[in-house]
Structure formats: structure tokens, C-alpha cells
Amino acid sequence: MSEDAATAPIADSPKPEPQTAVVADMPLLRIDAVAKKFGTFRAVDKLSLDIRAGEFFALLGPSGCGKTTLLRMLAGFETPDEGRILLDGKDIAQVLPHQRPVNMMFQNYALFPHLSVRDNIAFGLKRAGMPRSDIDTRVAEMVALVKLDGLEKRKPDQLSGGQKQRVALARSLARRPQVLLLDEPLAALDKKLRESTQLELMELQRRLGMTFIIVTHDQEEAMTMASRIGVMDAGRLEQVATPRELYEAPASRWIAEFVGEVNLFDGQVEPHEGNRVVVATRDAGTIFAAEPRDPVTKATVCVAIRPEKIKLSRRGPASDVVNAHAINRLEGVVSDVSYLGGFTTYKVKLDSGAVLRSSMANTARLDIDAYSAGQRVMAWFTPDDCVVLEQ
Amino acid sequence: MSARRIFARPARRAAIAPYVWMALFFLVPFIFVVKISLSQTAIAQPPYTPVFDLTGGVGAIKAAFAALSLDNFKLLLSDDLYVFSYLRSLLVAVVSTSILLLIGYPIAYGMARLPARWQSVAMMLVIVPFWTSFLIRIYAWINILQHDGLLNQILLALHLVSTPVVWLSTDSAMYLGIVYSYLPFMILPLYATLAKIDPALLEAANDLGSSPRQAFWLVTFPLSLPGVGAGVLLCFIPIVGEFVIPDLLAGSDSLMIGQTLWLEFFTNKDWPVASSAAVVLLLLLLAPLLLYDRLQRRQLEAR
């Protein structure tokens, strides 16, 4: 963008600026202020996003957030009302789907029921006018890639769900698209198969070095597979970040609640104390937070703390070790305990009446660290565990 | 196991119903027809011999069996009248079914692509003609096609013709009548298969590099073939035996087998020849039915 500012004063110069620098900086895919309306409903609202070559990018959001519409615009099944979609620097927003170097893996696979596995995979290659012998080689390659050996002659009806998913993947990869779009690719698989397939997809993407854009409503799926996640709501991108950033530094209250579990305390910002942001909350007293941003005093904010950051103990950490600003302490009574194997979640009813959720890893086999309902406990967390979100 | 047996029993009993129906109302009457086709015409009541008479004892029944012969079938094959009737029936059925497919497919395709709530309206429009008696609709066509009928009036008013065209008692009128009457039987099975095709399949074809036209021929059309088969059979078989439409709209110079059968039965009172004509017609129609059945079975096995 600084490129524009630099060229502006010499706009009259007869020779245009060399574009190489810009091209090198260009992401593989640039979505530029794209908007799509259905009637009066804004499915995608002036959305901009850059995706680099080789990324595994996830579009995450609740149903109806516009993520599928965005994906369909990338595939060409919908045409944007406004904005540009630049693939490798060329605007493809108006290019017909069958002329785009982009392929899609469909949610329910959309395998051609009258064609064999082989012919499904070869379908796109035949349309591209590839010679027969090359098609055979490529199909064999794809069949081996997704481990479908021996099933080439089967019809989709004779395949299991997992096998269909593989055929769909092979079919969409066969043309070696610049970008592979995956629309809820694992939604139809059961949990165990879904987890192993997630790993296979990641491995495949790394091996092929291809750019994958996946649409999902399953945050765990997005977190597991994607290198970056764009969270969408109401046609807009709420945050684009790595899985870790998204979870540990959510940009808004909505994201904090949408991604994972969270405890939220509304309050007002008080004057600083040292390098601590001080928030006077309604339900949890004064909370000290370490926050790189500096919220305006008296601003209404909410403090977000992930359950696993909240430790429970009978007495709390010894107060002589740390000063009062270093630890936030809340007292309450355990109201609910759920043992989940690897960890246990507790609900603690604070003295203010609010309920706090804490989850603690079961690092020991014996239950010496467990708390039971009715027990009075101290819940504590450090200022670093708090995220202050402006309302 | 026991639970399965309990549920299986009423289901098995229900499965017998169509067989009982077919035996009572098709097989038994057909045996009568076959028997009459092997008899000789006679001026009597009933108008053929031999007549099985159980009162005559075993000897009489044996004699009756001995009197049966294939003479009527030999007559059918030797007389041009019958051979031509069969050939004309097949020709009319092939031509009409082809026209029906050419007209019905685009209509069914259009219906299947309408928004859901317009699909039921379109369906109603296809079915609505059935609310009027078939005969009345054919008579209405006579009205439209006659010398000073609506069609000629319009053609004259538009100066497309200078003198009224003869429509009635021509093959064109007959084809018009047949296509008009059978169109719903072509459209409905086609529509049923086309509407079932997942639109995502066309998007997938599109995504993999086929233009919408290629996607139609590579995906939609092959997937609609069961509907094409059902529509073709539903039209072809009754058209071969069609009697009313050719009788009312076509000329009398060449007859379809249905008309010949009628003549033999009611005008010539030759029940045995009429019966043998009917038996041959049935055998002719069995061929496409068996073919269709085989194709369907192969499709089921492929699953």
C-alpha cells in the first residue's frame, strides 16, 4: 500500500513504475472489499482478506455467518456484488467456475453416482483435454495419494463414508489447482475418522505445498488443521489470527465466547497501578490484568479468563511470595464437578453469586487434588491470564 | 430372530396381494383369450368352437383339446392386413414416443429447475387435463381441427394460408392427439428423476472444468436415463395398442392393430382371430418390457 503513496506524486511520469516489487509482495489470493447480498440480507459485507501461497487457512464461524458464501465466490458459484478477488494478481471475480484454476471439495462430496472412482477422479482431467496416458498416470498417482488402491472400479454407492471423502479429495486435487477449497470436508465423518482424517489432510497439504482454504463451523477442526484462522460473523471477519492468538488473545468478547470456554467479568477501568490495568468488576471485585493495550479509564470493559488458567486450591498461594497485585484471588464454593478423564471441570459459585468455571488437568492418578461439591475453595489466576476486552 | 418373524409375517402377506390381483384380473382372463385364439369361429353363442363342457365327461374335454389349432396365427402371418397393422402400430408408437421425449424432456427439465413452490404449480398444470374425460378432450380436438375450426380460423386470419387446410383424418392430427394425450405420462417420470438430481453434482462438474452444456450431457442426462426409460415405456406400450385416437383423428386408409382388433371382434365377429391378434400384440410388447426390466436389474446390481 505504501507503494501507492510513493507513486502518487509521479503519477504523470510517462513510464509506469516497475511492478515486480508489488508482485513479490502480493499474496496468492487477495479478497478486496468483497460484498454479496441476497435480497436485503448482507451475506458478505465488504470483506478483505489476504491468503499467502502454501497456507492452510480456515474460515470459521457459526452457520449463516457468510463463510460458505465467501467460499462459493472463490469457486465462482456466486458472483460478488462489489469488490475484487485477485488470484495471482488477476481479478477472477467475474470468471466462470469452469475457467478458474481453483477446485472445491464439496460438503457431501458430490461424487458422480454413475461414474466409477476412476472416472470421478479423471473427470476434471478429461475436461482439461489431458492425453489419455497422462490421465491414467495422474489418476494412479491420486489413487495412491489418498490410499484408494483396488477401489478404482467401484461406484460411489459401494464406498464407505471415509472412502467417498477420499475420492472427493482426489478428484478435487487431480487438476492441481492453485487453491483448493474445502467446504466442511469432514462434517459427514464420525469423530474417530474425522480426527485421523484431519491429520492426513494436514500431512497432504504440507507434502503438496498447496494452498488450502477450509470452511468449518467446528473450532477444534480449524484449530487443529489451520495455520491461520479467519473468524466470521454476520458477513464480516472478526479476527484473523493463528490458532494460538485466537484463543489466548481474542479480539472481542464475541470471539472469546465463540472460541473455547471462557469466564467473562464486566467492569470499569480504574486508574493504573504500576504496569497493571485495574478493572473494578461487578461480580469478581477488583481484577488486575497485564494488558499491553492501555484502555481508557472509566471505559466499560470485560475481563476474559480461560477456565484452564484458573487454579483452585484450599488456601491459595502463600501471600508472602507474591505481592497483592500479582495474583487475583476469588473465593467461593464448588457447586459442580465434571470428571472428563484428562481433566476435570469445576463450577465455583463465588460469594457474589456469579459462577466461575475452572478446569484442571488430572496430572495425578489418585484424587488427592480433587475438590468435591460444597467445598470452599480459593480460585486464583495471574494478571497475565486475563484479557481485557473493550465492549 | 423372533422379532424379525413377527414383523416379516404381515409384510409377506401384503407382498402376495399384487400376485393375487395379477392372477385374478390378468392371468385368468388371458388364459381365456389364449384358448379362444386357438379355437375356430362359428355362428353360435359363444361364436367359436370348441367350447369346453364339463358335463360331457373326460372324452368331451379330450376332444375339445384336440380341436384346438394354431390356424389363426398362421392367418395373421399370411395376411398383409395384420402384418401392416402391426408395423404401422410400431411406427406410430416409435414416432410419437420420440416426439414425446423431445417435447417432454425440456418441460420436465424446466419444471425441475423452478423454485420449489412453483414446481407444485407446474405439476398441477400438467395433471389438470386429467380432470376432463379423455374422450371429451379428443372431441375438442376434432372441433379445433375441423374445416372451419379454431386452427384454420387462426391460420386464415393471420394470412398464413389462403384456403382452409384439411387436418382431420390425417396422420398429423393423429400424432397431435397422441402427443397431447400422452405428454403427462412422459413428463411425470422424467420430472421425478430430474428433480432428484443433487444440484451440487452440476456445480462439481462445473468446478472440474465443464461448461453448463457439457455438465448437462455428462451428468444430468445420464442420471435421468431411468426416467427416460420409464417415460418411454409408459407411452410406447399403450400407444402401440391405441384405438380411440387413431379411430377419431386419423384417416381410415391404414389401420393400427387396435383398430384391426376392434374390426375383427365387433364387425366381423371373429373372436378367435381377434384373440390371436391380441396374444401376438402382447408378445410384441413383452420384448421392450423385458429389456427395461433387465436394464433396471443391472442398475440395481451395480449398486
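Begin by selecting strand E16 (residues 328–339) of chain A together with strand E17 (residues 343–350) of chain A: E16(A) and E17(A) pair in the antiparallel sense over 7 bridges, where two strands pair if DSSP finds at least two bridges between them. Helices (H or I, at least four residues) and strands (E, at least two) are DSSP runs, numbered from the N terminus. This is a predicted model, in which local features need pLDDT of at least 70 and side-chain atom pairs count only at pLDDT 80 or more, while totals for chains, interfaces and linings use all residues. Residues are numbered from 1 along each chain as its sequence is written, and chains are lettered from A and ligands numbered from 1 in the order in which they are written.

**The sheet around E16 and E17**

Within this pair, pick A:Val334, whose bridge partner in E17(A) is A:Val348. Then move to the hairpin of E16(A) and E17(A), which has 3 residues between the strands and in which A:Gly341 takes a positive phi near 90 degrees.

Next add E18(A), which pairs with E17(A) in the antiparallel sense over 7 bridges; here A:Val348 stands opposite A:Leu356 in E18(A). These two strands, E17(A) and E18(A), also form a hairpin, with 4 residues between them, and A:Gly353 in its turn has a positive phi of about 105 degrees.

Return to E16(A) and add strand E19 (residues 376–381) of chain A, which pairs with E16(A) in the antiparallel sense over 6 bridges. In this pairing A:Gly332 stands opposite A:Val377 in E19(A).

With E15 of chain A selected as well, 5 strands are in view, forming an open antiparallel sheet in the order E15-E19-E16-E17-E18. Strand E15 (311–313) and strand E18 (355–361) of chain A stand at the edges, each with a single partner strand, so one side of each is left without a neighbour in the sheet. The twist averages 45 degrees from one strand to the next, with axes taken as lines fitted to C-alpha atoms, for helices over the stretch in contact, and angles running from 0 to 180 degrees between N-to-C directions.

**Chain A as a whole**

Zooming out, chain A has 10 helices and 20 strands, and its C-alpha trace spans about 80 × 65 × 40 Å along its principal axes. Of the 391 residues in chain A, 36% are buried; a residue is buried if 20 or more other C-beta atoms lie within 10 Å of its own, exposed if 12 or fewer, and partly exposed in between, with C-beta atoms placed from the backbone.

**Helix H4 of chain A and the side that touches chain B**

Now select helix H4 (residues 117–127) of chain A, where 8 of the 11 residues are buried, so that H4(A) is largely enclosed by the rest of the structure. The buried residues of H4(A) include A:Ile121, A:Phe123 and A:Leu125, and what covers the buried residues of H4(A) includes helix H5 (132–145) and helix H6 (161–173) of chain A. Just after H4(A), A:Gly129 takes a positive phi of about 75 degrees.

Then bring in chain B: 19 residues of chain A are in contact with 16 residues of chain B, two residues being in contact if their C-beta atoms, placed from the backbone, lie within 7 Å. The elements that give two or more residues to this side of chain A are strand E6 (102–105) and H4 of chain A, and the largest share, 3 residues, comes from H4(A). By class, the side of chain A that touches chain B has 10 nonpolar, 5 polar and 4 charged residues. Ala, Val, Leu, Ile, Met, Phe, Trp, Tyr, Cys and Pro count as nonpolar, Asp, Glu, Lys and Arg as charged, and the others, Gly among them, as polar.

**Helix packing in chain B**

In chain B, select helix H4 (residues 80–113) and helix H8 (residues 171–196), which pack at an angle of about 45 degrees with their axes 7 Å apart. The residues of the contact of H4(B) with H8(B) divide into 22 nonpolar, 2 polar and no charged.

Finally, swap H8(B) for helix H10 (residues 212–240) of chain B, which packs with H4(B) at an angle of about 145 degrees, the axes lying 9 Å apart. Residues of H4(B) including B:Ser89, B:Ala93 and B:Leu100 meet residues of H10(B) including B:Val228, B:Val232 and B:Phe236. The residues of the contact of H4(B) with H10(B) divide into 11 nonpolar, 5 polar and no charged.
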